Amino acid sequence: MKILLLVRGVSGAGKTSFVKALSYMHYSSGAYEHYEADMYFYDNLGRYSFDKNKLDAAHKWCQNATEASLQHGASVIVSNTSTSESQVKVYQDIAKKTGAEFISIIVENRHNGVSLHNVPEQTIEQQKQRFSIAL
């Protein structure tokens, strides 16, 4: 069974750290691929250079990579803020299209974490304001 696990939360909540911990625990199985839009902003030497003007392209890259991996039979973990229903729905639709089970997990910032990518506090506040939870 293929799974698309969407790990959501505001910047600094610990999404990437959570996925890395999962990866460490399940490294030997190689059971899934991991994508996040921020990966788009790393160069070949591992240097991060965010460009707000390329954010839409970064998310499109993440969506395309997710769909391609699922089409090839891999399970996928996506860790993005995904604060709005429309952003979540994109990945629900990809899961449905590829026959994968969709699971969404929300990571909370209860540890006073800071954004690894130096996201401005104003942007994090905007993320909090639009964060949508389906009950």
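The dialogue below asks how the terms used for this predicted model are justified.

Visitor: What kind of model is this, and how are its residues numbered?

Guide: The model is predicted, so local features need pLDDT of at least 70 and side-chain atom pairs count only at pLDDT 80 or more, while totals for chains, interfaces and linings use all residues. Residues are numbered from 1 along each chain as its sequence is written, and side-chain values use heavy atoms, with hydrogens and water left out.

Visitor: How many helices and strands does the protein chain have, and what makes a run count as one?

Guide: The protein chain has 4 helices and 4 strands. Helices (H or I, at least four residues) and strands (E, at least two) are DSSP runs, numbered from the N terminus. Along the sequence they follow the pattern β-α-β-α-β-α-β-α.

Visitor: What share of the protein chain is called buried, and what is the cut-off?

Guide: Buried means under 20% relative accessible area, exposed over 50%, and partly exposed in between (1.4 Å probe, protein chains only). By that rule, 38% of the 135 residues of the protein chain are buried.

Visitor: Why is strand 3 described as largely enclosed?

Guide: Strand 3 covers residues 75–79, and 5 of its 5 residues are buried, so the rest of the structure largely encloses it. Both of its faces are covered: S75, I77 and S79 are buried on one side, V76 and V78 on the other.

Visitor: How do you know that strand 3 pairs with strand 1 and with strand 2?

Guide: Two strands pair if DSSP finds at least two bridges between them. Strand 1 (residues 3–8) and strand 3 have 4 bridges in the parallel sense, and L5 has I77 as its bridge partner in strand 3. Strand 2 (residues 32–35) is also joined to strand 3 by 4 bridges, and the two run parallel. Within strand 3, V76 is the bridge partner of E33 and I77 that of H34.

Visitor: What makes the unit of strand 2, helix 2 and strand 3 right-handed?

Guide: A crossover is right-handed if, with the strands pointing away from the viewer, the path from the first strand over the helix to the second runs clockwise. Strand 2, helix 2 (residues 55–71) and strand 3 form a β-α-β unit of that hand.

Visitor: How do you know that the span of helix 2 is close to what is expected?

Guide: The expected span of a helix is 1.5 Å times one less than its number of residues. Helix 2 has 17 residues and reaches 24 Å from first C-alpha to last, close to the expected 24 Å. Its buried residues include A58, C62, A65 and L70, and their cover includes strand 1, strand 2, strand 3 and helix 3. After helix 2 comes G73, with a positive phi near 95°.

Visitor: Why are the buried residues of helix 3 said to line one face?

Guide: The buried residues of helix 3 (residues 85–98) are V88, Y91, I94, A95 and T98. Seen down the axis of helix 3, they fall within an arc of 115°, so they line one face of the helix; the arc is that of the directions from the helix axis to the C-beta atoms. An α-helix has 3.6 residues a turn, so residues three or four places apart point the same way. On the other side of helix 3, S86, K96 and K97 are exposed. Strand 1, helix 2, strand 3 and strand 4 (101–106) are among the elements that cover its buried residues. G99, with a positive phi near 75°, follows helix 3.

Visitor: Why are T81 and V10 called buried?

Guide: T81 has a relative accessible area of 17% and V10 one of 13%. Both values are set against the 20% limit, so both residues count as buried. T81 is in the loop between strand 3 and helix 3, and V10 is in the loop between strand 1 and helix 1 (15–25).

Visitor: What does F131 touch, and what makes a contact?

Guide: Contact means heavy atoms within 4.5 Å. F131, in the segment after helix 4 (121–130), has contacts that include R8, V10, T81 and I106, leaving aside neighbours within four places in sequence. F131 and T83 are 48 residues apart in sequence and 4.2 Å apart in space, C-alpha to C-alpha.
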